[in-house]
Amino acid sequence: MLYLDNAATSWPKPEQVRRAAQDWLEHGGGSPGRGTHAFARKAGDVLSLTRRSLARFFNAPHEHRIIFCASATDGLNLALKGFLNPGDHVLISAMEHNSVLRPLRGLQQERGISLDIVPCDSEGRLDPDEVARRMNDRTRLVVVSHASNVTGAVQPVAEIGRLVRERGAYLLVDAAQTAGILPIDFQTLNADLLVFSGHKGLYGLQGTGALIIGERVKSLRPWREGGTGFNSLSEEQPQEWPERFEAGTPNVPGILALGEGIAFLMAEGVDTVRAKEDALFAGLWRGLSELDGVTLHGPPPGKERIAILSFSIHGWEPEDIGGILHHNHGIQVRTGLHCAPLAHRTLGTLPLGTVRLSPGCFTTAEEIRQAVAAIRMIAETVLP
């Protein structure tokens with residue numbers, strides 16, 4: 001089996017990640033703040049240590065401004081619904097995921113916010129000056145994916161953030177595709193809110209993620225309310241951070257595994273992992289660019305991008321290509337719209353979408369050659 005869908009979920013996981021999750025299930029299963037026994041204290045330590053590791057890894061302003069979430073989508077809902085008020089104007093890029101678009105469409109109906117979509121070029125890149133031109137006196141928030149989950153194009157978020165701050169607005173960065181892949185220094189990124197998932201480039205498990213809240217953000221409404229294991233006598237949600245935003249029993253084994261994913265990356269080096277993935281991507285691009293009838297979408301090697309490659313083959317539907325790769329060659333890829341119809345509208349690949357290849361840290365050069373050879377066979381097949 002050849003796995004090339006790391007943009008959805010990284011696989012395989014580092015051994016220490018797998019071992020941490022298994023050890024927790026075998027040797028401890030308590031809930032943090034829900035008791036004074038050893039298992040409960042151990043669970044509390046997991047949250048504290050992982051939160052501290054994330055604060056160092058992303059250079060967050062303070063560990064209590066890191067909020068554990070069930071996913072990047074969960075974090076985006078917290079950020080958008082907790083921050084925006086009736087009448088606010090929001091700008092997003094034309095490459096955003098449905099995890100950004102759908103909550104904002106809901107807020108248009110529920111709170112009367114206004115929403116504008118800033119176009120990107122044919123490779124999915126956003127012009128910071130165009131963002132600035134489209135801002136107005138009511139613009140409160142700009143939302144940008146750090147890198148597209150369709151083309152891999154990396155956006156100039158630090159420059160966008162500088163322009164946004166000059167106009168008194170705020171920047172929310174969706175780093176689902178870049179956390180663990182690109183070095184992220186929250187303090188220099190000019191972001192006010194940053195969301196990431198734990199199960200992609202951070203090598204954790206599904207059901208994990210976090211929201212980092214910058215110091216310019218003074219208040220945020222909770223996305224969910226309920227038990228926190230903190231000040232249980234009160235009938236109101238706590239005011240203290242991070243407990244205010246973390247109602248319900250957290251995913252302790254997932255958070256433990258996330259901490260081990262961070263430890264793996266710190267030992268390997270983010271730059272080292274990225275260099276390997278960039279080399280694998282370059283091999284994919286070079287091999288597929290030589291095939292007749294194959295169209296590659298997004299920036300080529302050498303431009304600001306991550307190792308995600310979407311392609312089309314003339315005369316073929318993406319679902320059929322994915323099916324042949326899976327059933328005939330044992331290659332697992334992603335096909336369709338990738339939950340990002342805005343991006344495919346930008347690329348001109350609606351309504352069918354593309355085939356997406358995303359190698360990871362544990363992909364080999366030989367596997368890349370196998371994938372190129374399999375796609376060549378499809379591209380050279382004469383359709384009736």
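**Figure 1. Phe57, Phe58 and Phe196 form one aromatic cluster.** The model shown in this and the following views is predicted. Two members of the cluster, Phe58 and Phe196, are also among the residues with the most contacts inside the largest nonpolar core. Phe196 belongs to one side of strand β7, together with Leu194, and both residues are buried.

**Figure 2. Strand β7 (residues 193-197) is buried along its length, with 5 of its 5 residues buried.** The strand is therefore largely enclosed by the rest of the structure. Leu193, Val195 and Ser197 lie on one side of β7, while Leu194 and Phe196 lie on the other, and both faces are covered.

**Figure 3. Strand β7 pairs with strands β6 and β8.** Strand β6 (residues 170-174) runs parallel to β7, and 3 bridges join the two. Val173 has Leu194 of β7 as its bridge partner. The pairing of β7 with strand β8 (residues 209-213) is antiparallel and spans 5 bridges. Here Leu193 stands opposite Ile213 of β8.

**Figure 4. The largest nonpolar core contains 54 residues.** The residues with the most contacts inside this core are Phe58, Leu194, Phe196 and Leu202. In soluble globular proteins, nonpolar side chains tend to be buried together. Beyond its neighbours within four places in sequence, Leu194 is in contact with several residues, including Leu172, Ile184, Phe186, Leu189 and Leu211. A second core, separate from the largest, has 31 residues, among them Phe83, Ile92, Leu115 and Ile213.

**Figure 5. Trp241 and Phe245 form one of 9 aromatic pairs.** Their ring centres are 5.2 Å apart and their planes meet at 70 degrees. An angle over 60 degrees counts as edge-to-face, so this pair is edge-to-face. Trp241 and Phe245 are both buried.

**Figure 6. Phe281 and Trp285 form a tilted aromatic pair.** The centres of these rings lie 5.8 Å apart, with 50 degrees between the planes. Both residues sit in helix α8 (residues 270-289). They are separated by about one helical turn because they are 4 residues apart in that helix. Phe281 and Trp285 are both buried.

**Figure 7. Two arginines lie over the faces of aromatic rings, Arg140 over Phe83 and Arg216 over Tyr170.** Arg140 is at 3.8 Å from the ring centre of Phe83. Phe83 is included in the second nonpolar core. For Arg216, the distance to the ring centre of Tyr170 is 4.4 Å.

Terms used: Residues are numbered from 1 along each chain as its sequence is written. This is a predicted model: local features need pLDDT of at least 70, side-chain atom pairs count only at pLDDT 80 or more; totals for chains, interfaces and linings use all residues. Side-chain values use heavy atoms; hydrogens and water are left out. Rings of Phe, Tyr and Trp (its six-membered ring) pair if their centres lie within 6.5 Å; planes under 30 degrees apart count as stacked, over 60 as edge-to-face and the rest as tilted. Buried means under 20% relative accessible area, exposed over 50%, partly exposed in between (1.4 Å probe, protein chains only). A charge sits over a ring if NZ of Lys or CZ of Arg is within 6 Å of the ring centre and within 35 degrees of the ring normal. Two strands pair if DSSP finds at least two bridges between them. A nonpolar core is a set of buried Ala, Val, Leu, Ile, Met, Phe, Trp, Tyr and Cys residues joined through side-chain atoms within 4.5 Å. Contact means heavy atoms within 4.5 Å.
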